[in-house]
Amino acid sequence: QVIKCKAAVLWEANKPFSIEEVEVAPPKQHEVRIKIMATGICRSDDHVITGALVQPFPIILGHEAAGVVESVGQGVTSVKPGDKVIPLFVPQCGECKNCLSAKGNLCSKTDLGTRAGLMPDGTTRFTCKGKAIHHFLGTSTFTEYTVVHESAVAKIDSAAPLEKVCLIGCGFSTGYGAALKTAKVEPGSTCAVFGLGGVGLSVIIGCKVAGASRIIAVDINSDKFAKAKELGATDCINPKDFNKPIHEVLVEMTGQGVDYSFEVIGRTDTMTAALACCQYNYGVSVIVGVPPAAQNITFDPMLLFTGRSWKGSVFGGWKSKDEVPKLVADYMKKKFVLDPLITHTLPWTKINEGFDLLRTGK
């Protein structure tokens, strides 16, 4: 059956979301239709609105969510109707080179970087006012019902609170994994985290779990420092308080620079600063924020020649289908907290107000 439901459709760039009635087609072979119960707002969704992340319009955004399986297409074996699930914007097909390698997690079936906005078979499951609506990152969670490929959904603990674990669909896992899996932060090490949104705070949680002895939080909004300290930051610094480049401040604070730095904003200037602030011989800097489209970085290659490593991390390096259920289990065992990352809970029809809160740093 086609389901008629409400969705937040983005008809064009730099416009508010429009709450529309959409038709959601039934799942085809190896597809799953999900009733979305909770979804988070991520800066990457906003990047599509501003054009920093190029996607086709009209589109249903959203990629950080949790829900319940409504129906499954032919051949689906990993989930069944009624299962609690998290949609995966990085799928895990289990067959491509990256899925088969222990080193990588960015499945080649991902829509990230392709700008297709369609299901793997090249079509869409959403229609509104007779027009086809594009999918976002194979998930599209700003809707009451969505359809995803079986490789892009993970069954989770039936007791998990969906309004909390939806964060494991992107923000939390991305930051936590950047520290634990991509950087492999060691006990006693020194870390710097640029950007204290939900993902940056999750990096701090990861650094603390890994046993870092010093975690320096960097943000131009000092209102974010209390929460950063609550989650494990040992120092908080605002670049606006100094009349010298922030990487120089960090090098002075630490002697030779930090062991690990994380750029969790998505700006080229802070990416270079994060590289420059890490230890000149064995420091590791990780890019976690989505880089803006059509911008390049110019930097002194001597920064790398002396031994630093520059790495990128998508979804925290986790193999999504395998590891999301384990992360939910860890949350249920209280290995980490999610509540401090949730600042507001709104009815989803107030999605535009939610994005205003994001843009004003609240």
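Good morning. Lys 103, Gly 104, Lys 181, Thr 182 and Gly 317 are the residues nearest the centre of the second largest pocket, whose lining comprises 14 residues. I should state at once that this is a predicted model.

The second largest pocket encloses about 300 Å³ of space. By character, its lining residues are two nonpolar, six polar and six charged. Among the secondary structure elements, α4 (171-182) and β15 (309-312) each contribute at least two residues to this lining.

Where does the second largest pocket lie with respect to domain 1 and domain 2? Residues of the lining come both from domain 1 (3-171 + 317-360) and from domain 2 (184-312), so the pocket lies between them.

I turn now to the aromatic residues. The structure contains 10 aromatic pairs. One of them joins Phe 89 and Phe 315 in an edge-to-face arrangement, with 5.4 Å centre to centre and 85° between the planes. This pair links distant parts of the chain, 226 residues apart: Phe 89 is in the loop between β5 (84-87) and α2 (97-100), and Phe 315 is in the loop between β15 and α10 (320-332). Phe 89 is buried, at 6% relative accessibility, and Phe 315 is buried at 3%.

Phe 142 and Phe 355 also form an edge-to-face pair, 5.9 Å centre to centre with 85° between the planes. Here the partners are 213 residues apart, Phe 142 in the loop between β7 (131-133) and β8 (145-149) and Phe 355 in helix α11 (residues 351-359). Phe 142 has a relative accessible area of 1% and is therefore buried; Phe 355, at 0%, is buried.

Finally, one aromatic cluster is formed by Phe 172, Tyr 176, Trp 318, Tyr 331 and Phe 336. Thank you.

Definitions and conventions:
Residues are numbered from 1 along each chain as its sequence is written. This is a predicted model: local features need pLDDT of at least 70, side-chain atom pairs count only at pLDDT 80 or more; totals for chains, interfaces and linings use all residues. Side-chain values use heavy atoms; hydrogens and water are left out. On a 1 Å grid over the protein atoms alone, a cavity is a set of points where a 1.4 Å probe fits but cannot get out, and a pocket is an open set with protein on both sides within 12 Å along at least five of seven lines; lining residues have an atom within 4 Å of a point. Grid points are joined across faces, edges and corners, and a volume is the space filled by probe spheres set on the points. Helices (H or I, at least four residues) and strands (E, at least two) are DSSP runs, numbered from the N terminus. Ala, Val, Leu, Ile, Met, Phe, Trp, Tyr, Cys and Pro count as nonpolar, Asp, Glu, Lys and Arg as charged, and the others, Gly among them, as polar. Domain bounds come from an automatic or database domain assignment. Rings of Phe, Tyr and Trp (its six-membered ring) pair if their centres lie within 6.5 Å; planes under 30 degrees apart count as stacked, over 60 as edge-to-face and the rest as tilted. Buried means under 20% relative accessible area, exposed over 50%, partly exposed in between (1.4 Å probe, protein chains only).
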